[in-house]
Structure formats: C-alpha cells, structure tokens
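Here is a quick tour for anyone about to load these coordinates. Take a look first, then we'll walk through the parts worth a closer view.

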Amino acid sequence: MIVPQREQCNEAVAATDTVGRFLRAFHGGTQPLSTFAARLDAIGGDTVKVGSTKHECVKSGVSLSAFIGRDQQLNVLDGLLLRVTEGGGKPGKALLMRGRPRVGKSRLVEEFLSRAGVPHVYFTASTRSTGEELRLFVEEVRGSSLPGADLFEGVTPTSWDGALRLLGAALPDNGLSVVVIDELPYLTRSDPAFEGTLQKVFDRELSRRRMLFIGVGSDLAMMEALNGHGRPFYQRATEMVVPPLSPAEVAAMLKLDPANVFDAYLVTGGLPLILDEWKAGASLWEYLEDAVASPTSALLVSAERALTAEFPAELQALEVLTAIGSGERTFTNIGRAAGIAQPSLARALGILKTKRVVAAELPLSTRKSSLTRYQVADPYLRFWLAFLGPYLPEVERGRGDRVLARLRTSWPSWRGRAIEPVLREALDRVRVGTPLLGEGVVGGYWTRSNDPEIDIVIADRQPIAKHILGIGSIKWLEQAPFDGRDLARLVVHRSQLPGATDDTPLIVVARAGCEVDGVTAFGPEDLLNAWLVRPD
Ligand SMILES: Nc1ncnc2c1ncn2[C@@H]1O[C@H](COP(=O)(O)OP(=O)(O)OP(=O)(O)O)[C@@H](O)[C@H]1O
Ligand SMILES: [Mg+2]
C-alpha cells in the first residue's frame with residue numbers, strides 16, 4: 001500500500017501537536033475518531049442521534065465508489081474537531097474549505113462526518129431566493145441528527161439571523177456537533193448581509209458550543225476573500241484548500257506501476273470523478289479507448305462543465321486557454337492565437353491566474369528576466385484542451401477512434417512537455433535523503449530564442465537567485481534511458497546558465513533509467529514517493 005494508513009497519519013500528528021496529545025491520552029493514539037466522539041457525547045450527557053442525514057438521503061440509490069485517500073485533509077479536520085472538544089470559553093471553530101469544482105470537497109466533508117459520527121447538519125445552498133433557501137435550510141435541520149432538530153418543527157424563520165440563532169439552540173449543550181454550509185458563495189453573493197449575519201451569530205452563539213462550522217465553496221477568490229482583511233471572518237476561520245488527488249493517491253486507486261501512474265495523472269489531473277471511470281489495473285490506452293468512445297464520459301464532459309461554471313463567456317477565458325493549451329506560451333503569441341487585444345488578454349490571464357487555472361513562470365537563474373511563460377496549471381485541463389475539447393463533435397458522431405489515433409501519434413512528445421511541471425513539483429517535494437535539494441526552489445530556465453531551454457534549475461530563491469544549487473534534465477521516454485549524449489547536452493546547458501559553475505550538481509529525471517554516472521538520478525518511483533515524504 002503506497003498511501004500511508006490513516007492510523008499512521010494519526011500517529012504522525014500525535015507526535016507533534018496538542019491534538020495528538022489529546023488523542024493519545026484517550027486512545028493510545030490510533031483509535032478512530034468516531035469512537036472518541038461517541039464517548040464524548042456520552043460524557044456530555046446529551047441525547048444524540050448519531051449519523052448522517054442529507055448525504056445519505058441524496059445519495060440513496062446511487063452507488064458511490066469507495067472513498068480514496070485524503071488522509072492529510074481528514075487529519076486536519078479531525079484535529080479541528082479535537083480542538084473544539086478541548087477549547088474552553090468559546091470552543092466553537094470555523095473552517096473555510098475551498099477547491100476547484102469537482103475536486104472532491106463535498107465528498108471529503110461527507111467522509112469526515114461519517115467517520116466522526118457526531119451530530120451534524122449538512123446544508124447545500126444554491127441560486128434560489130432567500131425565502132426558498134431558508135425553507136430548505138429549515139427542512140434540512142429538521143431532518144438532521146442535531147439533538148434540537150425538533151425546534152425547527154413548524155417554524156419558518158424569515159431571515160438568516162433568525163434561522164442561524166435557532167440553529168444555535170438546536171446544537172447539543174455539551175457534546176460535539178458539526179454544521180456544514182456547502183456552496184457558501186451562493187449565499188454571500190445573493191444576500192450581501194449574510195456574511196455579517198453568520199459572523200455575528202457565530203461569535204455570539206455558535207462559538208460558545210462545541211461545534212465546528214464548515215463553509216465550502218468552489219469559487220476560490222470568493223472563499224479566499226471571506227477570510228480576508230476587513231471581512232467578518234478575518235482571522236476567525238481556518239482555511240483548507242482541497243487539491244485534486246495526488247499522484248500517490250492515484251497510484252493507490254488505480255494499482256498501476258509508478259511510470260504509468262504519472263500517465264494517468266496527466267490525463268485525469270487527479271480528479272476523482274474521472275478516476276472513478278478508470279478500472280483499477282487498466283492501462284492508459286485501455287482506459288482512453290472506453291473514455292473517448294462515450295460522449296458522456298467524465299473525461300470528456302468535466303472540463304466543459306468546470307469552464308462554464310467558472311468563467312463567464314465574455315471573459316474569453318476559453319479562447320485564452322485554448323491558445324495556451326495548443327502550445328502558445330508567451331503573452332504576445334497567446335494574444336495572436338486567441339485573437340484578443342492586449343487589455344482583454346491581460347484581464348483574462350489575471351483571472352485565470354487567480355483561479356490557478358493558468359500558471360505564469362519566469363526563468364530561474366541569477367540574472368533578471370522578464371520572459372514570462374504561461375501554461376495551463378491543471379493537468380487534466382491541459383490534456384482536454386490539447387486532445388478532447390476541439391474534437392468533441394467527432395466523439396459525438398461516433399468517431400472516437402480518430403481522437404484516439406491523434407492521441408497515439410502525439411502522446412510521446414506531448415507527454416514530454418506536459419510532465420515537466422508535475423516532475424518539478426515532485427522534485428520540490430523531495431526532501432529526505434537529498435540535502436542538495438533541501439532548501440532550494442525548483443524552476444526552469446529559457447531565453448527568448450529557447451537556446452538553451454533548461455528543464456530543471458534548483459536555486460536558493462526566486463525569481464532572481466543568489467546561488468544555483470543544481471541543474472537538471474528530464475527525459476521521459478518509455479524506452480530510451482538518459483545516456484551519454486544527454487549528459488553532454490546537460491553539461492553544455494550548465495555552462496550557459498547564469499550563476500551555474502562547473503561544480504553545480506547535475507540532476508537527471510528519467511522514466512526509463514539513467515546510464516551515466518556523476519549525476520543524481522530520479523526515476524518514477526522516487527518521484528511518486530515524493531508525495532508520501534511530504535503529503536501536504
Ligand atoms: N476521495 C474520493 N474518493 C472517491 N471518490 C471521490 C472522492 N472525492 C470525490 N469523489 C467523487 O468525485 C465526484 C466529485 O466530488 P464532489 O462532488 O465531492 O466534488 P466537489 O469539489 O464538491 O464539486 P463541486 O465544486 O461541483 O461542488 C463525486 O462523484 C464524488 O463521489
Ligand atoms: Mg460540492
């Protein structure tokens with residue numbers, strides 16, 4: 001098993017913080033939180049209905065895939081709940097959880113709730129009118145496992161202030177509880193007073209209870225702003241960003257060997273919904289054959305859904321993304337390919353960067369450079385834009401085979417480039433056993449003419465480094481190992497990199513092995529392990 005067991009994670013947490021001390025004191029460090037919560041509720045003396053409400057009802061009849069990974073996030077959530085149990089005065093805590101659409105936020109919260117086994121209510125907001133939202137909220141609390149759910153019988157609060165205060169009364173007196181509002185940005189957007197009301201009721205009433213409030217949303221900027229300076233939740237809430245599943249979690253899910261895991265990661269981006277359609281053990285091509293044959297596969301439809309949900313058409317985000325996805329990397333070339341004038345392009349790129357859909361990078365060396373390059377930051381979107389988005393009509397008329405043929409031809413060269421940011425992230429995570437990389441930042445280097453273009457630069461800081469700590473090359477071909485010719489080229493690159501010397505260590509990242517000496521080499525397994533060494 002590649003992903004650490006939850007119990008092991010709990011032990012890791014236990015070694016370092018008060019949550020752990022508490023956990024160990026009660027359970028010797030490894031028992032599930034649910035046992036613990038049930039026991040605390042017994043101590044608190046409240047009559048509780050432990051269990052789930054909404055998510056079980058909503059999902060009834062739908063068979064959910066097994067829950068995968070997320071040990072780190074579950075540990076943080078468990079830790080917060082333990083702080084709630086420990087806290088005096090105002091023990092209540094708030095968590096603002098954000099993450100791109102479909103990344104698995106709601107499922108994570110549901111998993112946490114079902115493992116914790118504490119009374120809770122889970123409300124999902126939407127674009128309805130305030131009156132309708134309030135009615136549904138009341139319905140949700142009434143059907144929930146909160147001990148005072150009956151208080152909501154026959155009442156119709158006319159404001160959020162009234163509804164949230166009544167919620168306070170429905171929470172257990174001494175035991176733990178969790179209140180979840182999913183899609184929180186819908187409420188803050190439709191009712192400008194909601195945020196202030198929530199903060200006021202949280203401060204005065206909810207935080208006096210042993211309750212954890214979880215607000216969830218996929219509008220990253222909006223969720224981030226909720227905790228920002230001058231806003232009601234400022235410094236009150238813990239923030240959690242839910243990333244896609246990591247390559248190590250993908251490995252655990254698909255049971256593939258490390259090199260093939262990286263292929264799967266490049267195609268699915270670690271999005272659980274897409275991974276769910278990939279049969280464990282199936283090869284990349286077996287999976288793709290099925291996925292491109294079906295116009296409704298998650299692989300084909302998820303990107304479009306996310307793009308329409310996140311970007312209004314007038315932003316021209318799709319045009320900009322399509323240009324970057326087809327290989328354009330500079331501001332001027334992207335503008336030309338997308339047919340967009342400078343001011344609109346700057347605006348679109350700004351928003352795409354804020355949403356972390358596009359990453360902008362500068363060359364890393366000891367010399368200042370303004371040669372910004374853009375790339376699609378999300379691996380799945382990168383794949384979709386290159387091979388699927390432009391060809392959806394083909395799939396719809398039953399010609400998935402043509403999409404597949406195109407893919408087979410372009411895959412090796414496309415992969416060679418698409419894998420670079422993923423491998424750089426892996427190197428950035430490698431800490432243990434490679435002191436060379438211990439303190440460094442990882443980037444790349446290029447000039448206007450692309451001569452040289454260097455895959456890996458490790459330096460003491462960015463964007464302008466003081467010291468170059470290492471320089472490296474990526475060779476991600478299935479059959480060809482890194483050989484003497486590749487080494488000769490890397491040595492030439494070292495002589496061209498501002499700040500590097502003849503002593504600058506050489507790093508090789510290769511899919512099919514490394515045939516030369518005198519370099520620090522990393523293969524797929526070492527890189528996959530990087531997500532286990534530092535799982536945050
Ligand atoms: N850890 C996981 N293991 C298995 N399946 C998962 C996991 N996380 C999410 N999924 C599945 O992926 C799909 C998307 O997850 P979910 O609805 O939780 O995403 P979300 O981030 O809440 O999306 P949205 O932004 O649209 O609300 C669901 O079908 C869910 O069951
Ligand atoms: Mg959700």
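## Around the ligand

Helix H6 gives the largest share of the shell around ligand 1, with three residues. Keep in mind that this is a predicted model. Helix H6 spans 105-116, and along with helix H14 (272-275) each supplies at least two residues of that shell.

Which residues come nearest to ligand 1? Of the 18 around the ligand, they are Gly104, Ser106, Arg107, Ser218 and Pro272. Sorted by class, the shell around ligand 1 splits into seven nonpolar, six polar and five charged residues.

## The protein overall

Zooming out, the protein has 24 helices and twelve strands. Of its 536 residues, 42% are buried.

Contacts also say something about how the chain is put together. Take contacts between residues at least 6 apart in sequence: 69% of these join residues at least 24 apart.

## A five-stranded sheet

Now for a sheet. Five strands make it up, in the order S8-S9-S10-S11-S12, and the sheet is open with mixed pairing. Strand S8 (441-446) and strand S12 (520-522) sit at the edges, each pairing on one side only. On average, neighbouring strands here are turned by 30 degrees against each other, ignoring direction.

Helix H23 (residues 484-496) packs on this sheet, where it touches strand S9 (453-459), strand S10 (468-475) and S11. The direction of H23 makes about 145 degrees with that of S10.

How do strand S11 and S12 run, parallel or antiparallel? S11 (residues 506-510) and S12 are parallel, joined by three bridges. In that pairing, Val508 stands opposite Ala521 in S12.

## The buried side of H15

Which residues of helix H15 (residues 284-293) are buried? They are Tyr287, Leu288, Ala291 and Val292. These four lie on the same side of H15, because they cover an arc of only 110 degrees around the axis. The spacing fits a simple rule: an α-helix has 3.6 residues a turn, so residues three or four places apart point the same way.

What covers those buried residues? The cover on H15 includes helix H16 (298-310), helix H21 (392-396) and helix H22 (400-429).

Conventions
Residues are numbered from 1 along each chain as its sequence is written. Chains are lettered from A and ligands numbered from 1 in the order in which they are written. This is a predicted model: local features need pLDDT of at least 70, side-chain atom pairs count only at pLDDT 80 or more; totals for chains, interfaces and linings use all residues. Two strands pair if DSSP finds at least two bridges between them. Axes are lines fitted to C-alpha atoms, for helices over the stretch in contact, and angles run from 0 to 180 degrees between N-to-C directions. Two residues are in contact if their C-beta atoms, placed from the backbone, lie within 7 Å. A residue is buried if 20 or more other C-beta atoms lie within 10 Å of its own, exposed if 12 or fewer, and partly exposed in between; C-beta atoms are placed from the backbone. The arc is that of the directions from the helix axis to the C-beta atoms. A residue is near a molecule or strand if its C-beta atom, placed from the backbone, lies within 6 Å of it. Ala, Val, Leu, Ile, Met, Phe, Trp, Tyr, Cys and Pro count as nonpolar, Asp, Glu, Lys and Arg as charged, and the others, Gly among them, as polar.
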